[in-house]
Every structure is written in structure tokens, then in C-alpha cells.
Amino acid sequence: MKRLFSKIMIMAAAVLTAVLLPKGVAEAEEPSEWSAVFNGEYYLNSYADLRAAFGNDINAALDHYLTFGLPEGRIAEPSFDVYSYRNRYLDLRNAFGTDLRAFAAHFCKYGKSEGRIATDCPYIEGPEYTDPTGSVAVISADNSTGIFSVRLSDIVSPSGVSSVSFPVWSEENGQDDIIWAPADRQADGSYIMTYDAALLGGKSGKYIIHCYLTAGNGIMSFMGATEVTIQVPDVPSKKLYYETIGNGVVRMHAAGLYDAAKVEFMAWSEEYGQDDVKAHQGTYEGSGGRWYADIDWHQHGRDGYFHCHVWVTNNAGEQYLYEATDFTLTVNGSVSQDVINDMSSATNYLIAVSRYDFETTVYQGSRGNWTPVRIMGCTVGETGSRTPSGTYKIESKGYSFSGPKNAAYPDYTCYYYSGFIGSTYMFHSVLYQPGTFNIIDNSMGEDVSHGCIRLLLDDAEFIYRNIPLGTKVYIY
């Protein structure tokens, strides 16, 4: 009965191996890859319970050895005993700790060819695991900005360095405001972390700083402590702020995101609600848990008042809303030829309108190769009837229309209209007295229209006669 029970347990272990081990660890293992530590026939012949459980199934025997045999101290090849191998070499104990499979893999890949001995060492030789050492120091503290930096240097870690973290907290609040911040590795092998006390909502006074190093074998060690006293500037705490870095471009910064794996700056215009929302991917600034993204009005097709929400995905894969703010995108001047060339149109024409230069340009060609063929002055919408920015297309045409009666112009006629938003927004001529070519208002280079783009008569006729329906219209 005892023998039968043993056989059942071995078979159960084999089943568990097949079910629990991840693909690429159990069923995908090849005996040839482990030949330095595993001889299938030797293993099965050495243990009757395994032969009874697995018969001649070498793959099942390998699965058992890697999962159960190693920790049980079973021998699958006369020249390799995993515990002897571990006991004999301090550098491997520092590197792999208690990961027996890692010891076996090392012998297969390096140890055997290096002439290392993996037998006849029942007791640990030399000292056990050696804690890493290093020096922790504050290297800068700027009271004008509230920023200070801490460095771990002179590192000695037998199994290498996986990561370095600096938990920091204010003396005033104890550890209620503690932040664990990862450090950045420097070219000289040291690690530096930079803190911005003002941006993180910190207070003036003393900050306590500890340092922890996680070695290559996964063991975390306390490396030392230091402190710094800093006078934080008397400015509002800011976790999210922006700066204007170019014409129609702002750079949005988010600070204190020490746990962030991914940061997205979601921005949209007040004018269009979230119809033009864009996700701007954040870039890590290199220290202080700061991320940034450049928000360019070209990406939204308009400028003006905008909203921004910052969404963070942390290292655990959890997503949360971090902060929100509002900002203004302001555009002055013309777009570059590169911006125009990157556009496509359903026809071999494209029209671009600068509301700031009061200029309408007709291009001919195709994406990547647009050539300006006519540049025209224009008038755009006045305050309260602003010409909309964005991308549209010519969708209607007509010879003339008469304007509704209003206080400014009781009656008027405009000629050669080409509509790009129904009959609401159009290219058309300046205003004439009804049914005549007697000018009422031929203003150019001003924002005085009701939203349409007014052109001189010849220019309006050029678009009307030459530009096909479907042509892209780009207004900025």
C-alpha cells in the first residue's frame, strides 16, 4: 500500500508540473539544453518511484527534475549536485540567492566550461551573502527653487545592481508624506535622485532621506541615510504646469510621478468640447518624477482655450487621473511648408487660410509636393463671429447671394462663393450694393466679416472657377 501511495504521489506531481508550470518552463524545455545537469536515463534508473511514474518519458522526467528534483536534492547527472554547486561558490550565492534553477542553468551555460566543480561540497564554503556597500550624500540643495539631489556612489555589490530607491519624508510630517522615488543610473555607476519640494507640495524644513539598493539577486539592502534642510520658495504648490515654447505650442509638465510607467496628457479645446480630444504621450524628463508632452495646435486644428487632464498608468498597471488644468494655445504667423506638405487632399488643389496673416494661399500638387500658385489677402470673422479653425473641404458653389438686412449693411450682394461648411462659412467676394458691382466694403487684412472669408472679386472668382469640389481647406 505504501508503494502504491508513493507511485500515486509521483504521478500527481507529474500532473501538477504539466498544469502549473508556465509555457516555456515545463513543456517547452528540451533535455539537450540541460544535458550538463540532466541525464534522463540516469535519473529514471536512479529513482524507482520516477520510473514507475514516468516509464521512459524523458521530457516528463526533466519537468519533474526542474520543479521537484532540484529542491529535493535529487541527482540527475553524476557530475552535478545543485547544493554542492551552491555551497562551493560565493559569487553564485551572491548572484542567485536561493534560486536553485538559476544555479543549474548557470552550470549548463557557463560553469561546466569554466571547469567549476559541482560535487562533494556538503557545507557552505566562505562567507554567506555579502551586503552591498556604498556612500549616500546630498550633492545639491537650492533654496531658490526648492530642489535638492541625493547620490549613492562608491557602490560595491557582488551580484550587481537591479535598482536604487530613495524614500524621503519631511521631519514635520513624520512618514505621513513619504515618497519612494527611483534613482537614475549615471555614467560613472552612481545613482542620483532629484527632488522638487515645492512642486511636490513639500514644506520648508528638514527632510529625512534613506537609500535602498536591490541587488541582482533580488535582495534589497539598506545603504544609508542622510538629511537636508531646505527653504521651499513661497509659491503655490504645482503638480501640473505649462510653458509656451513656440508659436502655437505649449509644453505641459507633470511632477512627482515616481510610480509612473506611462503618462498621457489628454487635451481638448473649449470651442469643440471633447470632439477634438487628443492623447499626447508623455516623455520622462530624467529626474524628479517629471514627465512632459508638447501640445501643438496643429494636432487639434485650432488654437484658443484648452483643457488638459493627466492620466497615469503606474508600474502595477493601474490607471488613475492625476491632475487637471487649463491653458491657452496662441498662434501667430504662418505655418511652415513642411506642415502643408504633410497634408493630403481629394483633388490636386489645397487651400490654406491664416487668420493671423489675413492670407489665403492656393496650392497645387499632392501630398509631399504642394506648390503655392496664388496668394491672396483676405478678411476673416470678427470677434463673436470668428472664422472657425480646422480642416474642411469645398462642398458647394454659386455665382452670387444677397445678404440679410442688418444694421451694418441693410442689403448687399457677394459674388463667386465657394462654401466649406454648408452655406454658413464660404469664400466669397467683398460686399457690393445689391445686384451691382458698386463696392460697399472692400476691407482686407481685418477681422470684420460674419465668419466667412472675404476675397477681392478676382480672387473669389479664381477659387470659384478653378478649385474643384472636395478640395481640402485648412484654416488656422
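**Exercise 1. Is Arg74 buried or exposed, judged by relative accessibility?**

Solution. The model is predicted. Start with the cut-off: buried means under 20% relative accessible area. Arg74 has 14% relative accessibility, so Arg74 counts as buried. Now take its partner. The side chains of Glu72 and Arg74 meet in a salt bridge, with an N to O distance of 2.8 Å. Glu72, at 46% relative accessibility, counts as partly exposed.

**Exercise 2. Find the salt bridge between Glu171 and Lys206, and place both residues in the chain.**

Solution. The N to O distance is 3.9 Å. The cut-off for a salt bridge is 4 Å, so this pair qualifies. Glu171 sits in the loop between strand S3 (161-170) and strand S4 (179-182). Lys206 belongs to strand S7. The two are 35 residues apart, and the pair links distant parts of the chain. Check the exposure last. Glu171 is partly exposed at 48%. Lys206 is partly exposed at 25%. The structure holds 13 salt bridges.

**Exercise 3. Describe the two sides of helix H10.**

Solution. Helix H10 covers residues 457-466. List the buried residues: Asp459, Ala460, Phe462 and Ile463. Seen down the axis of H10, they fall within an arc of 155°, so they line one face of the helix. On the other side, Asp458 and Arg465 are exposed. Arg465 has a relative accessibility of 55%. Its side chain meets that of Glu461 in a salt bridge (2.7 Å, N to O). Both residues lie in H10, 4 residues apart, about one turn of the helix. Glu461 is partly exposed, at 23%. Elsewhere, salt bridges that share partners join Asp49, Glu72 and Arg74 into one network.

**Exercise 4. Which residues outside its sequence neighbourhood does Thr214 contact?**

Solution. Locate Thr214 in strand S7 (residues 205-215). Leave aside neighbours within four places in sequence. The contacts are then Val161, Ser162, Ser163, Ile219 and Met220. Take Ser162: it is 52 residues from Thr214 along the chain, yet their C-alpha atoms are separated by 5.4 Å. Thr214 itself is buried, with a relative accessible area of 14%.

**Exercise 5. Which strands give two or more residues to the largest nonpolar core?**

Solution. The largest nonpolar core has 29 residues. Leu257, Val263, Phe265, Ile295, Val310 and Phe327 have the most contacts inside it. The contributing strands are S10 (249-254), S11 (260-269), S14 (291-296), S15 (304-314), S16 (319-329) and S17 (349-354). Apart from this core lies another, of 26 residues, including Phe38 and Tyr85.

Note on methods
Residues numbered from 1 in each chain as written. Predicted model: local features only at pLDDT ≥ 70, side-chain atom pairs only at ≥ 80, totals over all residues. Heavy atoms only, no water. Core = buried A, V, L, I, M, F, W, Y, C linked by side-chain atoms within 4.5 Å. Buried < 20%, exposed > 50% of the residue type's maximum accessible area, 1.4 Å probe, protein only. Contact = heavy atoms within 4.5 Å. Arc of directions from axis to C-beta.
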